[in-house]
Amino acid sequence: MNRLDTILDKDRLDPDDLAVLLGADTPAKQASVLDAAYAVKIREVGPVVYFRGLFELSNLCSKDCLYCGIRRSNQKLERYTIPIDEILSGARWAWEQGYGSVVLQSGERSDPAFVDLITELVTKIRALSHDQLAITLSVGEQSEETYRTWFKSGAERYLLRIETSDPELYRRLHPADHSWERRRDCLRLLHSIGYQLGSGVMIGLPGQSVEQLARDILFFEQERVVMIGMGPFIPHADTPLRDAIRNFAWKRHAQLALALRTIAVTRLYLPDVNIAAATALQALAPNGREQGLMAGANVIMPNLTDPKYRSAYQLYDGKPCVDESATQCRGCLEGRIASLGETIGFGQRGDSRRFLRRNAAGADGAASC
Ligand code: SF4
């Protein structure tokens, strides 16, 4: 038995195994890793895909991450904030369609008007859905008071991508006033308040090693992350990392393969977390999200943002489905998921099993507010 098979045969992976699996880049080795992860997914979370209806509610952002298309320095962008009534009618549609959950995502702001906007949206979405729609917030670093306000209003899940668990790599990708430590502390705060905690990283960053990606997966475990949303790094033409585009044409296949392996190894190491098949996978291959599901992901975030806003919310170049309505998006995804022999968990919240198990065991330390 070769080293890869020996590792895949283990009941429980060691931290040292992760980089070996992440580096398994021949087609045969890649297939072995992905097949093993899919088997673990079927055993642990079943052949069910949970939908999270995504609203990209505003592209205003106070930060300037070097890789991001909506960074505050990008002057080419028309900035927008979707009116509350449009979001609420979209959320009602999602609830009527049987979605168990919606995600409110935007650039990062912490001014009082923004805090109030999110509080109002959370309160009203919970009310219109008779508390059935679970709400995930993905609106960046905030104060403890703000996180607590939104939790009390009814938001139960929070997604805050650490982007990389390596502080030095983080520093190379952000201006000097952005702090990896502050972001890590926000994750700890969110967990202590009681949120179902989500995070994620970019995969295939310039200068990133498989050892760093392995440490990212260990970081998820250490910080008690139970929802994981990570995607391949794709350069954006209007950012300081635009030069990476020059080499990107030939790199697309390798980026996709590495992203799929990272999903698979995460599933193998953390069998009962929720993992999203990021839309960015589909920017690298037309069936990228399906490949993500076959690598171990179990969540998809159909975009419910009105198409008139979508082209102004491109975090990376080549984002797919920018002109599809929510209804078209749902139809397209249903067909794709059925073709894999999986079903969609309509009418189910799809909470992370890892989160539920920890809470049931009383070991998660989550405080009630
Ligand atoms: S990654 Fe997030 S915080 Fe950074 S510029 Fe983009 S939207 Fe703003």
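Okay, T136 first: its bridge partner in β5 is R157. Keep in mind that what we have here is a predicted model. That pairing belongs to a parallel match between β4, residues 134–138, and β5, residues 157–159, with 2 bridges joining the two strands. Sitting against this part of the sheet is helix α8, residues 180–193, which touches both β5 and β6. The direction of α8 makes about 160° with that of β6, residues 196–199.

Now zoom out to the whole sheet. It's an open one with 7 strands, and the pairing is parallel. If you want to trace it on screen, the order goes β2-β3-β4-β5-β6-β8-β10. So which strands stand at the edges? Those are β2 and β10, the latter being 274–275; each has a single partner strand, so one side of each is left without a neighbour in the sheet.

Follow the chain on from β2, which covers 53–58, and you get into a loop that runs to α4 at 84–96; C61 is in that loop. What does C61 touch, if we skip residues up to four places away in sequence? I70, R72, R79, G107 and E108. Compare that with Y50: C61 and Y50 are 11 residues apart along the chain, and their C-alpha atoms are separated by 29 Å.

Last bit, the ligand. C61 is one of the residues around the ligand, along with K63, C65, Y67, C68, I70, R71 and G107. I70 and G107 should sound familiar, since both are also among the contacts of C61. By type, the shell splits into 5 nonpolar, 1 polar and 2 charged residues.

Conventions:
Residues are numbered from 1 along each chain as its sequence is written. This is a predicted model: local features need pLDDT of at least 70, side-chain atom pairs count only at pLDDT 80 or more; totals for chains, interfaces and linings use all residues. Side-chain values use heavy atoms; hydrogens and water are left out. Helices (H or I, at least four residues) and strands (E, at least two) are DSSP runs, numbered from the N terminus. Contact means heavy atoms within 4.5 Å. Two strands pair if DSSP finds at least two bridges between them. Axes are lines fitted to C-alpha atoms, for helices over the stretch in contact, and angles run from 0 to 180 degrees between N-to-C directions. A residue is near a molecule or strand if one of its heavy atoms lies within 4 Å of it. Ala, Val, Leu, Ile, Met, Phe, Trp, Tyr, Cys and Pro count as nonpolar, Asp, Glu, Lys and Arg as charged, and the others, Gly among them, as polar.
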